[in-house]
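Here is a structure to look through together. A learner asks, and a teacher answers.

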Amino acid sequence: MPNEKIFYREGIARALHEAMAADERVFVMGQDVGAFGGAYREFDGLHAAFGPERVRDMPVAEAAMVGIGLGAAAAGMRPVVSVTYMDFLMLALDPLVNYGAKLRFKTAGKLTAPLVVITTAGAKGQGVAHSQCIEAWLMGVPGLKVVAPATPDDAYGLMRAALAADGPVVYVAHKKLFPMAGACGAGDVPMGAANIIRAGRDVTITAHSYMTRIALAAADNLSVEGISCEIVDIRSLRPLDVGLVAASVARTGALVTLEEGQLACGVGGEIAARVREALGPLPVQRIGARAAPVSSNPVLERACIPDAARVAAETRRFILNDATSRWRAG
Amino acid sequence: MNRVAMLRRMRLIRTFEGALAARRDHGFQLLSAGEEAVAVGLCAALAAEDQLLTGGRSIGFALARGLPPGPVMAELLGRVDGPNQGRAGRGHLSWPAYGFFGAHAVVAGNMSVAAGVALARRLREAAGMVVCVFGDGACGAGALHETLNIAALWRLPVLFVCNNNQFAVSTRPEATLAGRAGDLAGAYGIFARRVDGMDVDAVAAACAALAARVRDGGGPVFLECASARFLAHSTAARETRMADELRETRARCPIAALQAALLRDGEVSESALATLEAEVAAEVAAAIAFAEASPFPSPEEALADAE
């Protein structure tokens, strides 16, 4: 159904359902993925449609879950492994990074591991070990692909792309996005392609996942003051679409990077460096989480994570400050 | 595989590794002198459609599985005519067409992967079982326990083989494991056995019996082979044992034991042994020549298949 409205979680479930119907090699494993349908109902209906052999509940054992997924992938299947919280992907980094990401290289192409690891990032009141965004850690691993869709359309399209890829893909969903509704054109979304979701003149703001919504809200606030923001949804963190961001920054003349994760060695730092290498000197401002654990306490959680008011304020200060103005004038 | 063929394979491993270690350009190797009976006894029980996964001490298992020595030597020396074009080396050597799904040099890191290969076989209704070899050092790792639990729960066709060579680098299992390796699987309801890993006949018989259970759909099984490492952990590691202890350990040579048994049982003559030794030496010399004739990869190859 082109252009119907669906939930983000439905975009994921639909892509999986279609892939499982079309290809017997596709199956799903993880905690509570079976009759329960996933912590966020992102696997709704799959167990009923395909049964317990292809929608397998697993023990709380993330390292083995991902390792088994990689082994099955290397032996010809196309598994999807759900790691409920991205914080727990840390437990599975050994198989993912030391085996999966290197398999194609180390076997000289004899074996590949077409595995999709779907996980959830972001703060939603669950505290210091259930809120983290560590996708930047994965961006430095050759052999891995990392995507982070922000809309139901991209949730569907990027899951399709991930299922078709020939190496491990980490698909980073966001807790706050699952119940969000949006149009779903049921089209393909290639990995490695960013997307301009709002055109503007004065500054380019990059964001991914839930932070694209914060960026859009901040841009609304700033437009009232006459500051026009162009917003790029990065969508794919590795490979990274530097070309599209650089082209945008070449038009606007300034770059703000926004992320929910930590700034040190973060997504924004990488984007800024790559754009700088492409364009030469440019004014850059990074916005991200404060350098602190993200508490379940709502006041402290809000204090850590960027919101629209903070993004607007920091972008305004950056655009209007002397150095940026001088550089843009000069 | 008859006993003379097993002897030949064990001698091949010992001679091959010796020739490798004697080279100045051998790199960083984990050798298996003293452990040949585990590799050869195990592989004697495997069928062509089975897949073997090992840890980083892989050379003996690769040769026991029947990988051609020339390409293996080329791989170990970093040459492009290795099965992995010289990129994998000993730690990550693989050749699935020979039933050698691969080495993985992260201790216990191969276990969940092996269970995944077995799961793929179950889902695709493919024949054959999966064999996962690891050392005593893996027995304290979470990956082992997570994998045993799931393999038992799903009755996956896996033969788990703990090659207990009594040392994790310098540390004995008594210092790191509360219990014995062979007892771990029992907690998950997995049938387990312990065998003298210096006796190739015993290893082969135990593996054949256990493999039959797996092939009959009985789910995973676990075998602990008590073996002995004659050399230091690696070609770069210090030997930590005293000379007396080393002498006693090396006196339990599985190759010498089998040779003596074959002579005693009249299955081989002294002259046949001499011929066998000469043939093995020629085979290893040919492997070295094959590797030396193969070039190193170009620097650009560092990026091939990287993404």
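**Reading the folds and the contact between chains**

Q: Let's start with chain B: what share of its contacts with a separation of 6 or more comes from residues 24 or more positions apart?
A: Keep in mind that this is a predicted model. In chain B, 76% of those contacts join residues 24 or more positions apart. The chain has 13 helices and six strands, and 51% of its 307 residues are buried.

Q: How do I judge the radius of gyration of chain B?
A: Set it against what a compact globule would have. For 307 residues that is near 19 Å, and chain B has 19 Å, so the two agree. Along the principal axes, its C-alpha atoms fill a box of roughly 55 × 50 × 40 Å.

Q: And what about the side of chain B that touches chain A: which element gives the most?
A: People often express the size of an interface as the accessible area lost when the parts come together. Here we can count residues: 31 of chain B are in contact with 30 of chain A. α6(B) gives the most to chain B's side, eleven residues. That side divides into 13 nonpolar, twelve polar and six charged residues.

Q: Now a helix in chain A: which residues of α12(A) are buried?
A: They are A:Val311, A:Ala312, A:Thr315 and A:Ile319. Looking down the axis of α12(A), the buried residues fall within an arc of 100°, so they line one face of the helix. On the face turned away from that buried side sit the exposed A:Ala309, A:Arg317 and A:Leu320.

Q: What covers the buried residues of α12(A)?
A: The cover includes β10, α8, β11, β13, β14 and α13 of chain A.

Terms used:
Residues are numbered from 1 along each chain as its sequence is written. Chains are lettered from A and ligands numbered from 1 in the order in which they are written. This is a predicted model: local features need pLDDT of at least 70, side-chain atom pairs count only at pLDDT 80 or more; totals for chains, interfaces and linings use all residues. A residue is buried if 20 or more other C-beta atoms lie within 10 Å of its own, exposed if 12 or fewer, and partly exposed in between; C-beta atoms are placed from the backbone. Helices (H or I, at least four residues) and strands (E, at least two) are DSSP runs, numbered from the N terminus. The arc is that of the directions from the helix axis to the C-beta atoms. Two residues are in contact if their C-beta atoms, placed from the backbone, lie within 7 Å. Ala, Val, Leu, Ile, Met, Phe, Trp, Tyr, Cys and Pro count as nonpolar, Asp, Glu, Lys and Arg as charged, and the others, Gly among them, as polar. The radius of gyration is taken over C-alpha atoms; the globule rule is 2.2 Å times the number of residues to the power 0.38.
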